[in-house]
Amino acid sequence: MSLQRDKDFMLRQHLAGRGIRDARVLDAMARVPRERFIDAASQGSAYADRALPIGCEQTISQPYIVALMTESLALRGDEHVLEIGTGSGYQTAILTELAGDVVSIERHAQLSQQAGRALAELDYYRAKLIVGDGTLGWPLEAPYDRILVAAAAATVPPALIEQLAPDGILIIPVGGRERQVLQAIRKVFGQMKSEAITPCRFVPLVGDAG
Ligand code: SAH
């Protein structure tokens with residue numbers, strides 16, 4: 001099986017076939033080589049539509065969920081984006097393709113370093129990687145036009161709401177340990193409006209305000 005054929009199948013079946021419509025998102029998913037963000041043992045599954053282990057008991061997210069979260073951010077190209085949970089750096093690469101710049105926080109230094117290497121090898125320099133607790137956001141560079149959280153929270157961390165720009169969008173899985181609902185939260189005239197996107201299952205957001 002060639003990776004290119006697997007990737008074409010992913011784009012057609014798992015993304016377009018399941019309702020991803022944003023052509024910019026599909027193009028970005030076509031450009032970014034997912035195999036470069038996973039280890040040697042998983043190469044054959046690089047474009048399978050599921051999460052894969054990346055070390056530190058964490059996973060690279062399922063391609064469909066990456067596409068859905070990215071599409072929900074409605075990126076036009078110049079946004080200042082905060083990502084919580086760098087993990088492998090794959091989602092970071094997709095965001096870098098579609099936004100102005102990305103600040104990405106990861107609590108495991110080892111994963112952040114691995115992700116940094118993969119991103120540098122592919123010339124993704126518009127992402128700043130930070131090791132720390134993303135539940136506190138990153139006030140230094142706030143406000144953010146978009147915030148994407150790739151780990152499950154019991155409740156939405158207040159710092160992230162504070163650091164969201166007016167008209168901004170925050171995408172976050174909220175719920176229990178086993179099951180959550182992916183939420184899109186918008187700040188409209190200072191009021192928070194929340195919309196459920198889909199049921200999902202993420203690794204937990206571990207931090208002071210998670
Ligand atoms: N989008 C990533 C998904 C990574 S899984 C990818 O596709 O590879 C979620 C990540 O969130 C894990 O790496 C985990 O270590 C990280 N994480 C969990 N809680 C966190 C926190 N409070 N701050 C920063 N990162 C956190």
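## Close-up views of a predicted model

**View 1. Arg18 and Asp49 meet through their side chains in a salt bridge, with N to O at 3.1 Å.** The model shown here and in the other views is a predicted one. The two partners come from distant parts of the chain, 31 residues apart. Arg18 sits in the loop between helix H1 (3–15) and helix H2 (23–31), while Asp49 belongs to the loop between H2 and strand S1 (52–55). Arg18 is partly exposed because its relative accessibility is 42%, whereas Asp49 has a relative accessible area of 15% and is therefore buried, the cut-off being under 20%. The count of salt bridges comes to 6, and two others follow in Views 2 and 3.

**View 2. A salt bridge joins Arg36 to Glu121.** The closest N and O atoms of Arg36 and Glu121 are 3.6 Å apart. Arg36 lies in the loop between H2 and S1 and Glu121 in helix H5 (residues 109–121), so this salt bridge ties together parts of the chain that are 85 residues apart in sequence. Arg36 has a relative accessibility of 40% and counts as partly exposed. For Glu121 the value is 56%, so this residue counts as exposed, the cut-off being over 50%.

**View 3. Lys128 and Glu141 form a salt bridge.** Between Lys128 and Glu141, the closest N and O atoms are 2.3 Å apart. Lys128 is in strand S5 (residues 127–131), and Glu141 is in the loop between S5 and strand S6 (144–149). This pair, too, links distant parts of the chain, with the residues 13 apart. Lys128 is partly exposed at 42% relative accessibility. Glu141 is also partly exposed, with a relative accessible area of 23%.

**View 4. Strand S6 pairs with strand S3 and with strand S7.** Strand S3 (residues 80–84) and S6 are paired in the parallel sense over 4 bridges. In this pairing, Leu82 stands opposite Ile147 in S6. S6 and strand S7 (residues 164–175) also run parallel and are joined by 4 bridges. Here Arg146 has Ile169 in S7 as its bridge partner. S6 is mostly covered, since 5 of its 6 residues are buried.

**View 5. Helix H3 (residues 63–72) crosses helix H4 (residues 90–98).** The two axes come within 11 Å and cross at roughly 35 degrees. The crossing of H3 and H4 is right-handed. On the H3 side, Val66, Met69 and Thr70 take part in the contact; they meet Tyr90, Gln91, Ile94, Leu95 and Leu98 in H4. By class, the residues of this contact are 6 nonpolar and 2 polar, with no charged residue.

**View 6. Ser72 in helix H3 and the residues that it touches.** Ser72 has a relative accessible area of 16% and is buried because this value is under 20%. Leaving aside residues up to four places away in sequence, Ser72 touches Ile169, Ile171 and Ile197. Of these, Ile169 also appears in View 4, as the bridge partner of Arg146.

How values were computed: Residues numbered from 1 in each chain as written. Predicted model: local features only at pLDDT ≥ 70, side-chain atom pairs only at ≥ 80, totals over all residues. Heavy atoms only, no water. Salt bridge = Lys/Arg side-chain N within 4 Å of Asp/Glu carboxyl O. Helix = DSSP H or I, 4+ residues; strand = E, 2+ residues; numbered from the N terminus. Buried < 20%, exposed > 50% of the residue type's maximum accessible area, 1.4 Å probe, protein only. Pairing = 2+ DSSP bridges. Axes fitted to C-alpha atoms, helices over the stretch in contact; angles between N-to-C directions. Left-handed = near helix turned anticlockwise from the far one by under 90°. Contact = heavy atoms within 4.5 Å. Nonpolar A, V, L, I, M, F, W, Y, C, P; charged D, E, K, R; others polar.
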